[in-house]
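Reader: I am in my first year and still learning how to read a structure. Could you take me through a close look at a single part of this one, and then show me how that part fits into the rest?

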Amino acid sequence: MTFTTRRKLANITLFMLTLTSLILLGGGNYETLNITRVIASDPPRSLAMLQGPYRFFPVPFWALFHPLSILFLILSLIFNWNISLYRRKLLLIVAGAMLLLTLATQLYFAPETGVIANAPYSDTVDEVLKSRAQRWVNLNYIRLAVDYGIAVILLLAVNRNIVSPE
């Protein structure tokens, strides 16, 4: 494989990783600003938007774009590994951050979302559930900040031109 072909593959896979990560960041922004705040406002009364036949159900979005971003991360690491030390370092940082976010999501966010979302509807406010939901929102802000950091790092990486070693 020629250097030009490797460089093209490195650029394409990194661009696709950056694109899918920015799409995920958009989804995270939307949910954090428009959904999680409302859910945490007065549970279980505010959980109506998560229940019933017309509930907000974001799983298809995350189930599509999260695996795509992991696939493009792996491909980006493969194609950029020997072509750019700068990109390799940035991609390893991104890989570590994505791993931490995935672990946090699997160990805390997904189970906690299930507990909050499945609380039975009531026209009253459960102060314990409200406190729990507020903690979930606050931790979501931290998770979103990490997503912003990933986006900035990827934009720095994609902006780095690869020059021929010759």
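Author: Let us begin with Leu25, which is buried, because its relative accessible area is 8% and the cut-off for buried is under 20%. Please keep in mind throughout that what you see is a predicted model.

Leu25 lies in helix H1, and when residues up to four places away in sequence are not counted, Leu25 touches Leu144, Asp147, Tyr148 and Ala151. These partners are a good reason to look along the chain as well as through space: Leu25 and Tyr148 are 123 residues apart along the chain, yet their C-alpha atoms are separated by 7.0 Å. Helix H1 covers 3–41 and helix H4 covers 127–159, and so you can follow these contacts on the structure as you read.

Further along in helix H1 you will find Thr36, which counts as buried because its relative accessibility is 4%. Leaving aside the neighbours within four places in sequence, Thr36 is in contact with Glu31, Trp136, Val137 and Asn140.

To see the setting of these two residues, it helps to step back to the whole chain. The protein chain has four helices and zero strands, and from the N terminus on its elements run α-α-α-α. Among the contacts between residues at least 6 apart in sequence, 81% join residues at least 24 apart, and the pair of Leu25 and Tyr148, 123 residues apart along the chain, gives you one case of distant positions brought to a C-alpha separation of 7.0 Å.

The overall form can be described with care in two ways. The C-alpha atoms fill a box of roughly 70 × 25 × 20 Å, taken along the principal axes, and the radius of gyration is 19 Å, whereas a compact globule of 166 residues would have one near 15 Å. Of those 166 residues, 34% count as buried.

What, then, lies inside? In soluble globular proteins, nonpolar side chains tend to be buried together. Here the largest nonpolar core has 15 residues, and those with the most contacts inside it include Leu14, Leu17, Leu73, Val94 and Leu154. Helices H1, H2, H3 and H4 each supply at least two residues of this core, and the largest share, six residues, comes from H3. Val94 shows how such a core is joined, for, leaving aside its neighbours within four places in sequence, Val94 is in contact with Leu73, Ile150, Ile153 and Leu154. A second, separate core of 13 residues includes Ala40, Leu50, Ile116 and Ala133.

A residue need not be nonpolar to be covered, as Arg87 in helix H3 shows: Arg87 counts as buried because its relative accessibility is 1%. Not counting residues up to four places away in sequence, Arg87 touches Ala10, Asn11, Leu14, Asn80, Ala157, Val158, Arg160 and Ile162.

For a contrast, turn to Asn82, whose place is in the loop between H2 and H3. Asn82 is exposed, because its relative accessible area is 71% and the cut-off for exposed is over 50%. The C-alpha atoms of Asn82 and Val163, which are 81 residues apart along the chain, are separated by 12 Å.

Finally, consider the outside of the chain, where the accessible surface comes to about 9,600 Å², of which 68% belongs to carbon and sulfur atoms. The chain has 14 positive and 8 negative side chains, and the centres of these two sets lie 16 Å apart.

Conventions:
Residues are numbered from 1 along each chain as its sequence is written. This is a predicted model: local features need pLDDT of at least 70, side-chain atom pairs count only at pLDDT 80 or more; totals for chains, interfaces and linings use all residues. Side-chain values use heavy atoms; hydrogens and water are left out. The radius of gyration is taken over C-alpha atoms; the globule rule is 2.2 Å times the number of residues to the power 0.38. Buried means under 20% relative accessible area, exposed over 50%, partly exposed in between (1.4 Å probe, protein chains only). Contact means heavy atoms within 4.5 Å. Accessible areas come from the Shrake-Rupley method with a 1.4 Å probe; for residues, only the protein chains shown count as cover. Lys and Arg count as positive and Asp and Glu as negative; His and the chain ends are not counted. The place of a charge is taken as NZ of Lys, CZ of Arg, CG of Asp or CD of Glu. A nonpolar core is a set of buried Ala, Val, Leu, Ile, Met, Phe, Trp, Tyr and Cys residues joined through side-chain atoms within 4.5 Å.
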